[in-house]
Amino acid sequence: MSSDMLAKVLSSAVLGVDAYVVEVEVDITMGLPAFATVGLPDGAVRESKDRVKSAIKNTGYRFPPHRITVNLAPADIKKEGAGFDLPMAVGILAATGLVNPERLQRYLIIGELSLDGKVKPTKGALPVALTARNNGLAGIIVPEANSKESAVVQGVKVFAATHLSQVVDFFNESCEMSATSIDVEDLFSRDAYYEVDFNEVKGQEHVKRALEIAAAGGHNVLMVGPPGSGKTMLAQRLPTILPDLTFEEALETTKVYSIMGLMDERALIATRPFRAPHHSISDAGLIGGGQIPKPGEVSLAHNGVLFLDEMPEFRKNVLEVLRQPMEDGKVTIARAATSITYPARFMAVAAMNPCPCGFYGDYKRQCQCTHLQIQRYRTKISGPLLDRLDIHVEVPAVQYQDLAQESGGESSDTIRHRVNAARIIQQKRFKHHRIYNNAQMAPRLLKRFCQLEEDSHRLLEAAIDRLGLSARAHNRILKISRTIADLEGLKEISATHIAEAIQYRSLDRGLA
């Protein structure tokens, strides 16, 4: 070996939901044995020198007893995770002349190494594959466990690595690795099924109707009812009646799960996610954050449903941070060094008891709460947040005759068919307005698309006067009635649509 050797290997790191190319530069010079990693490495990256050293030795290669410097460029962005192990090891072997450097610049490498040289899975393989394709590279070498999710990206060859020696042989052209191929359409249609169905819910026909309207217009929902009335069961089945997931939406959602390491050997998230965080969650856990910002539950629910059970039990500051992602469909986490944006376009579904004991308004059991206790319990949810929940629906206890029924009514497929038809109408309506559904209409668009006839006008005016509804509630009623008309395929909003929409603002009326 000459006195000074330099090698360059391409790798990648994730920032937000996207990846960028990292050049792993390895310099070996004569001097006392030392191994320094520079380029803002975090703890896991700094520790990789010990894993890399053991992996190289235990694979049967000679580890150079010299001064080794590894630079991760660009040097001004913090690098995290164990995905740089494999490129570092390949770089060291290339610098000592054991790997042919000619092909290194055409491939991007990620992977964690175990001490015996095996390649272990890493996070963020999907965004890394997208970056490799966008940079026009010939291929990407990833751990075998990540190869399926990377192969979803068309236009870049994905090679699954199981051992360091296999990667070395590949670059020296002494063994061929076959590219992982995947039939995305077949995978998409095979995985796009839900394990639950709406016909498993007995009774509660009016609640099912409210959820169908919510799914058709993208409206957020609040369900109020005693314990055991089926609120959670209904919420879990809401993703099954939402419009079919498009491939673009599936990619967006999969990116978030990929960077969190939640893929579990799946190649693609082909169904709409359903996230139900516990009420003890922190604000960083819900919307994202931490020292190195990570996506929270709102981003994991992207393109799906975020279910907040026992909503008044959540801490007030946690509920308040939800307001921004509910409005904007994204979360921006600002830190001194950088600010990161994660997608968070979800449908919020909340559930609560009508009072602290849960039996206010129940005809079977007596409510033990005082008027003041009920008032205090309900004010745990602030007005601005309540306003963002378009539909309020009461879920009474299920009657015995409903439970004894053989079937629970329509299947999710039948309902989703109607929802899809209503969404197509909305896509045509908003194709020049950069919004996707009725729930996102601004006041300017409400004027344009929610014209009322005289009798509808009078009915809405009377309801607002009698119930003392706010201006925001008035707008919500218009949006909901627009969705009800879309479900029926009608252009005009009639008085019956307005009347049904008014029923879905029950909490605006205060306590009876």
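What share of the contacts in the chain with a separation of 6 or more comes from residues 24 or more positions apart? In this predicted model, the figure comes out at 74%. The chain itself runs to 512 residues, and 52% of them are buried. Its secondary structure amounts to 21 helices and 18 strands. Taken along the principal axes, the C-alpha atoms fill a box of roughly 90 × 50 × 45 Å. About 23000 Å² of the chain is exposed, with carbon and sulfur atoms supplying 50% of that area.

Helix α3 is a handy place to start looking at the details. This helix spans residues 125-134, and 8 of its 10 residues are buried, so α3 is largely enclosed by the rest of the structure. The buried set consists of A125, L126, P127, V128, A129, L130, T131 and A132. Just after the helix, G136 takes a positive phi of about 70 degrees.

V128 shows what sits around one of these buried positions. With a relative accessibility of 2%, V128 counts as buried because the cut-off for that label is under 20%. Setting aside neighbours within four places in sequence, V128 touches S12, V14, A19, L108, I110 and I140. V128 can also be placed relative to S258: the two are 130 residues apart in sequence, yet their C-alpha atoms lie 9.9 Å apart in space.

S258 turns up again in the packing of α3 against helix α9, which covers residues 247-259. The two helices pack at an angle of about 120 degrees, and their axes are 7 Å apart. That angle makes α3 oblique to α9. On the α3 side, the contact involves A125, L126, P127 and L130, and these meet L251, T254, K255, S258 and I259 of α9. Sorted by class, the contact has 6 nonpolar, 2 polar and 1 charged residues. Of the α3 residues in this contact, A125, L126, P127 and L130 are also on the buried list.

Two further helix pairs are worth a look. Helix α7 (residues 205-217) packs against helix α20 (residues 471-487) at an angle of about 95 degrees, with 9 Å between the axes. The pair is therefore roughly perpendicular. From α7, the contact draws on R209, E212, I213, A216 and G217, while α20 brings in I480, T483, I484 and L487. The class breakdown for this pair is 5 nonpolar, 2 polar and 2 charged residues.

The other pair joins helix α19 (residues 454-467) to helix α21 (residues 495-503), with an angle of about 20 degrees and axes 8 Å apart. Anything under 35 degrees counts as roughly parallel, so α19 and α21 fall into that group. The crossing of α19 past α21 is right-handed. Here D455, S456, L459, L460, A463 and L467 of α19 meet A495, I498, A499 and I502 of α21. This contact divides into 8 nonpolar residues, 1 polar and 1 charged. The spacing within such lists fits a general rule: an α-helix has 3.6 residues a turn, so residues three or four places apart point the same way.

Key:
Residues numbered from 1 in each chain as written. Predicted model: local features only at pLDDT ≥ 70, side-chain atom pairs only at ≥ 80, totals over all residues. Heavy atoms only, no water. Axes fitted to C-alpha atoms, helices over the stretch in contact; angles between N-to-C directions. Helix = DSSP H or I, 4+ residues; strand = E, 2+ residues; numbered from the N terminus. Parallel < 35°, antiparallel > 145°, perpendicular 65-115°, else oblique. Left-handed = near helix turned anticlockwise from the far one by under 90°. Contact = heavy atoms within 4.5 Å. Nonpolar A, V, L, I, M, F, W, Y, C, P; charged D, E, K, R; others polar. Buried < 20%, exposed > 50% of the residue type's maximum accessible area, 1.4 Å probe, protein only. Areas by Shrake-Rupley, 256 points an atom, 1.4 Å probe, with all protein chains shown as cover.
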